[in-house]
Amino acid sequence: MKKLPALLNGCVWVAVLCLLTGCGDGGPPRYHISGTVTFEGQPVPAGAISFIPVGETEVPRGPGFCRFTDGRYESRSGRSPGSGSYRVLIDGYDGVAFEVKLGEEIEEHPMGKPIFPTHMVEVDLPAEPGGVFDFDVPANEPGKFRARR
């Protein structure tokens, strides 16, 4: 039997090690969360919630993100936040899609027009799955409108 060239042999071992260690993200656990978003006591028709980690922890945490409709949100696997302290940014829209022509290009706004400035609040998420967090955006809150994503 012939020996494999050293370079090819090394590549085979790297491939075997990659298969044995798996393809997981290796990050901290993320937990499914859900809840409601209201403004002036009514469900917000459309929007997005961003969970930005704050403070330092022993295990690094990634951000979380989810869109919502009819005032209800539910995080999805891989986009859910982990446990710990987060700055939550909530953008709410009227849910009426529209387009704007900018020269030759058309800019789409599928969630509609903003109905309040970006709302920011800090929360502590526990290390257990299935948490429910409801957010009530106060009326007349000072803030800035963020650029859409």
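How many cavities of 30 Å³ or more does the structure hold? In this predicted model there is 1 cavity of that kind, and the space inside the largest cavity comes to about 30 Å³. Its lining is made up of Y31, I33, P81, G82, S83, L125, P126, E128, G131 and F133.

## Overall architecture

The secondary structure of the protein consists of 1 helix and 11 strands, and the order of the elements, read from the N terminus, is α-β-β-β-β-β-β-β-β-β-β-β. Of the 149 residues in the protein, 32% are buried, while the exposed surface amounts to about 10200 Å², with carbon and sulfur atoms supplying 57% of it. When contacts between residues at least 6 apart in sequence are considered, 69% of them join residues that are at least 24 apart.

## Strand 1 and its surroundings

S34 belongs to strand 1 and counts as buried, because its relative accessibility is 15%, where the limit for burial is under 20%. Leaving out residues up to four places away in sequence, S34 touches Y73, E74, G131, V132 and F133; two of these names, G131 and F133, also appear in the lining of the largest cavity.

F39 lies in strand 1 as well, a strand that covers residues 33-39, and F39 is buried with a relative accessible area of 14%. Beyond this strand, E40 is placed in the loop between strand 1 and strand 2, the latter spanning 42-43. At 54% relative accessibility E40 counts as exposed, and its backbone has a positive phi of about 55° although E40 is not a glycine.

A second residue with this backbone feature is D70, which is not a glycine either and has a positive phi of about 50°. D70 is found in the loop between strand 4 (64-69) and strand 5 (72-74), and it counts as exposed at 61% relative accessibility.

## Contacts of V137

V137 is part of strand 11, which is formed by residues 135-137, and it is buried with a relative accessible area of 1%. Once neighbours within four places in sequence are set aside, V137 is in contact with V37, T38, F39, E40, F116 and H119. The contacts of V137 therefore include a buried residue, F39, with a relative accessible area of 14%, and an exposed one, E40, at 54% relative accessibility. V137 and V44 are 93 residues apart in sequence, and the distance between their C-alpha atoms is 9.3 Å.

## Aromatic rings

The structure holds 3 aromatic pairs, and two of them are described in the table.

| Pair | Distance between ring centres | Angle between planes | Arrangement |
|---|---|---|---|
| F39 and F116 | 5.0 Å | 35° | tilted |
| F51 and Y86 | 6.3 Å | 85° | edge-to-face |

The pair of F39 and F116 is classed as tilted because its planes stand at 35°, whereas stacked pairs have planes under 30 degrees apart and edge-to-face pairs have planes over 60 degrees apart. This pair links distant parts of the chain, since F39 sits in strand 1 and F116 in the loop between strand 8 (105-109) and strand 9 (119-125), with their positions 77 residues apart in sequence. F116 is buried, its relative accessible area being 4%, and both F39 and F116 are among the residues in contact with V137.

In the pair of F51 and Y86, the planes stand at 85°, so the arrangement is edge-to-face. F51 lies in strand 3 (residues 46-53) and Y86 in strand 6 (residues 84-93), so that the pair ties together parts 35 residues apart in sequence. F51 is buried with a relative accessible area of 1%, and Y86 likewise counts as buried, at 0% relative accessibility.

The ring of F98 takes part in another kind of arrangement, in which the charged end of K113 sits over the ring at 5.7 Å from its centre.

## The loop between strand 8 and strand 9

The loop that holds F116 also contains G112. G112 is buried, with a relative accessible area of 0%, and its C-alpha atom is separated by 4.9 Å from that of G95, although the two residues are 17 apart along the chain.

Definitions and conventions
Residues are numbered from 1 along each chain as its sequence is written. This is a predicted model: local features need pLDDT of at least 70, side-chain atom pairs count only at pLDDT 80 or more; totals for chains, interfaces and linings use all residues. Side-chain values use heavy atoms; hydrogens and water are left out. Helices (H or I, at least four residues) and strands (E, at least two) are DSSP runs, numbered from the N terminus. Buried means under 20% relative accessible area, exposed over 50%, partly exposed in between (1.4 Å probe, protein chains only). Contact means heavy atoms within 4.5 Å. Rings of Phe, Tyr and Trp (its six-membered ring) pair if their centres lie within 6.5 Å; planes under 30 degrees apart count as stacked, over 60 as edge-to-face and the rest as tilted. A charge sits over a ring if NZ of Lys or CZ of Arg is within 6 Å of the ring centre and within 35 degrees of the ring normal. Accessible areas come from the Shrake-Rupley method with a 1.4 Å probe; for residues, only the protein chains shown count as cover. On a 1 Å grid over the protein atoms alone, a cavity is a set of points where a 1.4 Å probe fits but cannot get out, and a pocket is an open set with protein on both sides within 12 Å along at least five of seven lines; lining residues have an atom within 4 Å of a point. Grid points are joined across faces, edges and corners, and a volume is the space filled by probe spheres set on the points.
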